Amino acid sequence: MALADRLVVLNGGEVQQAGTPVEVYDRPQNRFVAGFLGSPGMNLFAGRRRFHASGAWGFRLEDGAEFTGAAINGERGGGSAETAVVLGVRPEQVRVTTAGERDSADTEPGWLRGDGIVATVEPVGHETWIHVRVGAGAWLVGRHPGRAPWGPGRAVHVRFPREAVHWFDASTGKRID
């Protein structure tokens, strides 16, 4: 990623995607590429994307855990719809705060929000990777600037902006725009 002008991602000898490192990282064309690049890798969850007539939206993981989001700028849908998809979000896009903390993302539309329990705290110098259990069998990695003031077992909120979400077809693994 740091040295290349062009990048080709192969899987089993088959080209999955080619482009500049930034293009491939920011817009992975399938689930394999999304999970292949990054350290830590992209969070990927199978589940159902939901849109409501009110404009609210969300995502329910296969184990029942949910991420919910408010309507953006008065958006309204034409009815309720659910689609089987894979949600992807890069760890650096995920905000983790304690259950008692609030920030502007709690009231801003366009963010998906959920709850979880800290499993592991991984300090890496100027920031900390927080591994959060968000469902019965689902884990999410998020970034906390500086040192995390809490440890395993702490109830937390996780949130990430709508524009940071990558959607992939549940059966083919291909990107959905």
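Is phenylalanine 45 buried or exposed, and what is its relative accessible area? Phenylalanine 45 is buried, with a relative accessible area of 5%, and I should say at once that this value, like the others I will mention, comes from a predicted model.

Let me stay with that residue for a moment. Phenylalanine 45 lies in strand β3, which covers residues 43-51, while phenylalanine 67 lies in strand β5, residues 66-69, so the pair they make ties together parts that are 22 residues apart in sequence. Phenylalanine 67 is buried as well, at a relative accessible area of 2%. Phe45 and Phe67 also belong, together with Phe160, to one aromatic cluster.

Now to the aromatic pairs in general. A pair of aromatic rings is described by the distance of the centres and the angle of the planes. The structure holds 4 aromatic pairs. One of them is formed by phenylalanine 32 and phenylalanine 36, and it is stacked, with 5.6 Å from centre to centre and 20° between the planes. The pair of phenylalanine 45 and phenylalanine 67, by contrast, is tilted, with 6.1 Å centre to centre and 55° between the planes. Phenylalanine 32 and phenylalanine 36 both sit in helix α2, residues 31-36, where they are 4 residues apart, about one turn of the helix. As for accessibility, phenylalanine 32 counts as partly exposed, at 30%.

Let me turn to strand β11, residues 155-161. Of its 7 residues, 6 are buried, so this strand is largely enclosed by the rest of the structure. Strand β7, residues 95-98, runs antiparallel to β11 and is joined to it by 4 bridges, and within this pairing threonine 98 has valine 156 as its bridge partner. Strand β8, residues 111-123, also pairs with β11 in the antiparallel sense, over 7 bridges, and here the residue that stands opposite valine 156 is glycine 116.

Finally, I would like to show you arginine 90, which lies in the loop between β6, residues 81-89, and β7. What is the nearest side chain of opposite charge to this arginine, and how far away is it? That side chain is glutamate 92, 4.8 Å away, and arginine 90, although buried, has no salt bridge. A polar atom of the arginine 90 side chain does, however, lie 3.4 Å from the backbone oxygen of alanine 34. Leaving aside residues up to four places away in sequence, the residues that arginine 90 touches include Tyr25, Pro28, Leu37 and Met42.

Note on methods:
Residues numbered from 1 in each chain as written. Predicted model: local features only at pLDDT ≥ 70, side-chain atom pairs only at ≥ 80, totals over all residues. Heavy atoms only, no water. Buried < 20%, exposed > 50% of the residue type's maximum accessible area, 1.4 Å probe, protein only. Helix = DSSP H or I, 4+ residues; strand = E, 2+ residues; numbered from the N terminus. Pairing = 2+ DSSP bridges. Lys, Arg positive; Asp, Glu negative; His and termini not counted. Salt bridge = Lys/Arg side-chain N within 4 Å of Asp/Glu carboxyl O. Polar contact = N/O pair within 3.5 Å; in protein donor to acceptor, adjacent residues only side chain to side chain. Contact = heavy atoms within 4.5 Å. Phe/Tyr/Trp six-rings, centres within 6.5 Å; stacked < 30°, edge-to-face > 60°.
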